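Student: Could you take me through how to read a sheet, its helices and its unusual backbone angles in a model like this one?

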Amino acid sequence: MSKTIAILAPGAMGSAVARRLSENGARVLTSLKGRSDATLKRAADAGMIGAEDDAIADADIILSIVPPGEAVALAERLAALIVRREKKPVVVDCNAVNVDTVQRIEEIIGSAQAPFVDGGIIGFPPQPGGKSPAFYMSGEYAGELAVLKDLGLDVRIVEGPVGAASALKMSYAGIVKGLAGIGSAMVVAATKAGAADALRDELALSQPAVLARLEVALPDMIPKAYRWVAEMREISGFLGADHPASQIYEGFARWFEHLAADANGEAVDAELLKAFAARATQKKS
């Protein structure tokens, strides 16, 4: 039986996931009110159907895929849509939020008597013919999402309550994006101090895996930095205010905030990061 799945919103990840689901027979709805022409085109290309709120509330599954700072507001909107409906969709929060935040979202969705699943996406948006990112799911109703496997998504159940999948996502992102934060900060500092070539050469000799990662991560992070600001603050909250390392991630939030502003302005530091990565690639060829 065909499933109707609503994805909010049709960003880079949401639209790519929608394409994978629609290719495998799902009917994928989204909300397009007030969206830009670029977003409308991206949604159409992904096979997403623009729908009114009533139709979205009637979906079998609703996937929330938005920047972490928007996750709670979307949950409140969804709860208001489905509270008076007899048939309740399974609502899945797939956002990079900490355990406290996802438990708050569970309470919001629970107030509408809808089943809720904690989700965490690890990996890049699915490309045509490529593999799906991992969708880690936890909570009482996680088993109800097995249908998503048949629709082309790599669903992995994390044993544990709501919060377990988000804890995994926070830990993983804290390591991977933390490394990007450290690497980018040190590359910019080394370049401004005239030591970029020496740093690159030493990494090539003693830490080739680190250099190889920076070649990819540095240019890739620049257009994403604005989205990582709230995520770093979620990771800081995941650690807790009293944790000695929580301020590290608050610092990364400020650093990514700076990089996002720089990229949209004179792009001084952005160009330094791109140049370091490009030079590392050239030296290998």
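Tutor: We will go through the sheet, then the helix contacts, and then the backbone. Keep in mind throughout that this is a predicted model.

Student: In what order do the strands of the sheet lie, and which are the edge strands?

Tutor: As a general idea, strands of a sheet pair through backbone hydrogen bonds, either parallel or antiparallel. Here 8 strands form an open sheet with mixed pairing, and their order is S3-S2-S1-S4-S5-S6-S7-S8. The edges are S3 (49–50) and S8 (154–157), each of which pairs on one side only. Next to the S3 edge, S2 (residues 27–30) runs parallel to S3 and is joined to S3 by 2 bridges, with Leu29 standing opposite Ile49 of S3.

Student: How many bridges join S5 to S6, and how many residues of S6 are buried?

Tutor: S5 (residues 90–93) and S6 run parallel and are joined by 3 bridges, and Asp93 of the pair stands opposite Asp118 in S6. S6 is mostly covered, with 7 of its 7 residues buried. The side chains can be read by direction: Phe116, Asp118, Gly120 and Ile122 point one way, Val117, Gly119 and Ile121 point the other way, and all are buried.

Student: Which strands does H7 touch where it packs on the sheet?

Tutor: H7 touches S6 and S7 (134–138), and its direction makes about 20° with that of S6.

Student: How should I read the crossing of H7 with H11, and which residues meet there?

Tutor: Look at the axes before the side chains. The axes of H7 (residues 164–192) and H11 (residues 246–263) come within 10 Å and cross at roughly 60°, which means that H7 is oblique to H11. The crossing is left-handed. On the H7 side the contact includes Gly174, Gly178, Gly181, Ala185 and Val188, and on the H11 side Tyr249, Phe252, Trp255, Phe256 and Leu259. By class, the contact residues of H7 with H11 divide into 9 nonpolar, 4 polar and 1 charged.

Student: At what angle do H10 and H11 cross, and what divides the residues of their contact by class?

Tutor: The axes of H10 (residues 225–239) and H11 come within 8 Å and cross at roughly 170°, so H10 is roughly antiparallel to H11. Among the contact residues are Tyr226, Trp228, Met232 and Arg233 of H10, together with Tyr249, Glu250, Phe252 and Glu257 of H11. The contact of H10 with H11 holds 13 nonpolar, 2 polar and 4 charged residues.

Student: Where is there a cis peptide bond, and which residues have a positive phi although they are not glycine?

Tutor: The general background is that most residues other than glycine have a negative phi, and that most peptide bonds are trans. In this model a cis peptide bond, with omega about 20°, joins Leu8 and Ala9, and Ala9 lies in the loop between S1 (4–8) and H1 (12–23). Gln113 has a positive phi of about 60°, and so does Ala267, likewise about 60°.

Student: Where do Gln113 and Ala267 lie, and is each one buried or exposed?

Tutor: Gln113 is in the loop between H5 (99–110) and S6 (116–122), and its relative accessible area of 54% makes Gln113 exposed. Ala267 sits in the loop between H11 and H12 (268–284), and with a relative accessible area of 13% Ala267 is buried, the cut-off for buried being under 20%.

Note on methods: Residues numbered from 1 in each chain as written. Predicted model: local features only at pLDDT ≥ 70, side-chain atom pairs only at ≥ 80, totals over all residues. Heavy atoms only, no water. Axes fitted to C-alpha atoms, helices over the stretch in contact; angles between N-to-C directions. Helix = DSSP H or I, 4+ residues; strand = E, 2+ residues; numbered from the N terminus. Parallel < 35°, antiparallel > 145°, perpendicular 65-115°, else oblique. Left-handed = near helix turned anticlockwise from the far one by under 90°. Contact = heavy atoms within 4.5 Å. Nonpolar A, V, L, I, M, F, W, Y, C, P; charged D, E, K, R; others polar. Buried < 20%, exposed > 50% of the residue type's maximum accessible area, 1.4 Å probe, protein only. Pairing = 2+ DSSP bridges.
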